[in-house]
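Subject: Structure handover

Hello,

Here is the structure I said I would pass on. My notes on it follow below the files.

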Amino acid sequence: MFVDYVNIKIKAGNGGDGSTHFLRDKFHISGGPDGGNGGRGGNIYFIGDKNQSNLVNFYYKRKYVAENGLNGGGNTSNGKQGEDVYIKVPIGTVVRDKVSNNVIAEIVDTQNPVLVLRGGKGGRGNAFFATSTRQTPNFSETGEIVKEYDVILELKIIADVGLVGLPNVGKSTILSTVSNARPKIANYHFTTLEPNLGVVQCYGKSFVVADIPGLIEGASEGAGLGHEFLRHIERTRMLVHVVDISGIEGTNPIQAFETINNELKMYSEILASKPMIIALNKIDLINDENRHYLQDFYAKYEKDYKIVELSATTKEGVDDLIKLIYSELEKLPAPEYISGSTGVLLDAKDDKIIKITIDETGAFVVEGGKIDNLVRGIVLNDTQSFAYFQKRLKSDGIIDEMKKMGLKDGDEVKIKTISFVYVE
């Protein structure tokens, strides 16, 4: 089974809770706060795996969850951090956020894991909150809870050259002739059901060629097999358009060439603009009856394209094709990737952001990354905890911002699950 597009769920680990604990032993009857911090939750990474050729593994396993951080303990013992999860994918896999369809990461090597989802922060224990004026804080922070995300994995094979053309024009035979690949070859349409890769050696160097399943008219709109695999030639640096110049399949070579070019253009202007070499295959079948196909093709396209005549069956002209591809690749820049291997955090948030709005009841609603962290340490029925909360609202300038918006004595303030009446 060849799978190149799949949806999966990923979730980083939650942070462990900080501990509310006080030192108690035979030497310290009334010891101070010694609650430790909770551990950070495990992260989610993606990394390339050269032993995987498609996404079939994700067809059977669709959910990946990192380990939660452990809770803090007494004696200022910090909780263990959750184990990270490394998701191995084929090189060339693009990871997208299913909701926004934005690219999160593009996996292009096996050496650099890409962080896409960070584990939740561990909560701080009550030892952290002890001060000279608050010597016995009876509260601590809870660990940060992180949410689950749906992501799309989309494989786009990384190759230097893409072989395109109608079904049964000889692409697979050409690939097997020029490289070490051994694709399935038979004399019927759609023999190739998945992309095949081959490494070609030339002048002591090498390049990768991909045989893309045959395209037909309407492929860009979903007809035939080609639509599923057009994405695989988006990364290629150049295209080799294979044309059956003999016309023995009953198709006019010029019409066939224009049909495929039109499908490429309809799918992507960038794809259609890639450098292209024309490989006129089955030259060994040219005779007096069909020679006009060859003459007409040269008359129409010789000025605009570099053309090679060959026979993949007899190997005539194959070396010429390899050398031309090599020389053209030498002129082209290295491939550009969507996002490199740096990645974009799915849950990226700014811990300094504060957003204040007034709802339909007239209550002041405070949101933002800064508030998310603050409320994790609030225990409403604990006087010291709520006093600390109020102090932070003032010291962080949140009260002043609400006053600028009209906050006055007796107004309701809503922060996450906390609701209280402001008193001057």
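Where is the place of asparagine 261? Asparagine 261 sits in helix 4. Please keep in mind throughout that this is a predicted model.

Asparagine 261 has a relative accessibility of 19%, and buried means under 20%, so the residue counts as buried. Leaving aside residues up to four places away in sequence, asparagine 261 touches His241, Met276 and Tyr305. Histidine 241 is 20 residues away along the chain, and the C-alpha atoms of the two residues are 8.9 Å apart.

Helix 4 and helix 6

Helix 4 covers residues 253-267 and helix 6 covers residues 291-301. Their axes come within 9 Å and cross at roughly 45 degrees, which makes helix 4 oblique to helix 6. On the helix 4 side, the contact involves Pro253, Ile254, Phe257 and Glu258. These meet Tyr293, Asp296, Phe297, Lys300 and Tyr301 of helix 6. By type, the residues of this contact are six nonpolar and three charged, with no polar ones.

Strand 13 and its partners

Met276, one of the residues that asparagine 261 touches, is also one of the buried residues of strand 13. How many of the residues of strand 13 are buried? Six of its six residues are, and the strand is mostly covered. Met276, Ile278 and Leu280 lie on one side, with Ile277, Ala279 and Asn281 on the other, and both faces are covered.

Strand 13 pairs with strand 12 in the parallel sense, over six bridges. In that pairing, valine 242 stands opposite alanine 279 of strand 13. Strand 13 also pairs with strand 14 (residues 306-309), again in the parallel sense, over four bridges. Here isoleucine 277 has lysine 306 of strand 14 as its bridge partner.

Helix 2

Strand 12 and strand 13 appear again in the surroundings of helix 2. Why is helix 2 (residues 171-178) described as largely enclosed by the rest of the structure? Six of its eight residues are buried, so the description follows from that count. The buried residues are Lys171, Ser172, Ile174, Leu175, Ser176 and Val178. Their cover includes strand 9 (161-164), strand 10 (196-202), strand 11 (205-211), strand 12 (238-244), strand 13 (276-281) and helix 7 (318-331).

The sheet of strands 15 to 18

Further along the chain there is an open sheet of four strands in the order 15-16-17-18, with mixed pairing. Strand 15 (355-358) and strand 18 (418-421) stand at the edges with a single partner strand each, so one side of each has no neighbour in the sheet. From one strand to the next, the twist averages 20 degrees.

Strand 18 pairs with strand 17 (residues 412-415) in the antiparallel sense, over four bridges. Valine 413 stands opposite phenylalanine 420 in strand 18. Helix 9 (residues 383-395) packs on the sheet and touches both strand 17 and strand 18. The direction of helix 9 makes about 80 degrees with that of strand 18.

Salt bridges

How many salt bridges does a search of the whole structure find? The search finds 18. Three of them are described here, among them one between lysine 9 and glutamate 148, at 4.0 Å from N to O. Lysine 9 lies in strand 1 (residues 5-11), while glutamate 148 lies in the loop between strand 7 (114-117) and strand 8 (149-155), so the pair ties together parts that are 139 residues apart in sequence. Lysine 9 is partly exposed at 32% relative accessibility, and glutamate 148 is partly exposed at 33%. Both belong to a network of salt bridges that links Lys9, Lys63, Glu148 and Asp150.

A salt bridge also joins arginine 96 and glutamate 154, with the closest N and O atoms 3.2 Å apart. Arginine 96 is in strand 5 (residues 93-97) and glutamate 154 is in strand 8, so this pair ties together parts that are 58 residues apart in sequence. Are these residues buried or exposed? Arginine 96 counts as buried at 15% relative accessibility, and glutamate 154 counts as buried at 10%.

Glutamate 83 and lysine 80 form another salt bridge, at 3.4 Å from N to O. Glutamate 83 is partly exposed at 48% relative accessibility, and lysine 80 is partly exposed at 44%.

Regards

Note on methods. Residues numbered from 1 in each chain as written. Predicted model: local features only at pLDDT ≥ 70, side-chain atom pairs only at ≥ 80, totals over all residues. Heavy atoms only, no water. Salt bridge = Lys/Arg side-chain N within 4 Å of Asp/Glu carboxyl O. Helix = DSSP H or I, 4+ residues; strand = E, 2+ residues; numbered from the N terminus. Buried < 20%, exposed > 50% of the residue type's maximum accessible area, 1.4 Å probe, protein only. Axes fitted to C-alpha atoms, helices over the stretch in contact; angles between N-to-C directions. Parallel < 35°, antiparallel > 145°, perpendicular 65-115°, else oblique. Contact = heavy atoms within 4.5 Å. Nonpolar A, V, L, I, M, F, W, Y, C, P; charged D, E, K, R; others polar. Pairing = 2+ DSSP bridges.
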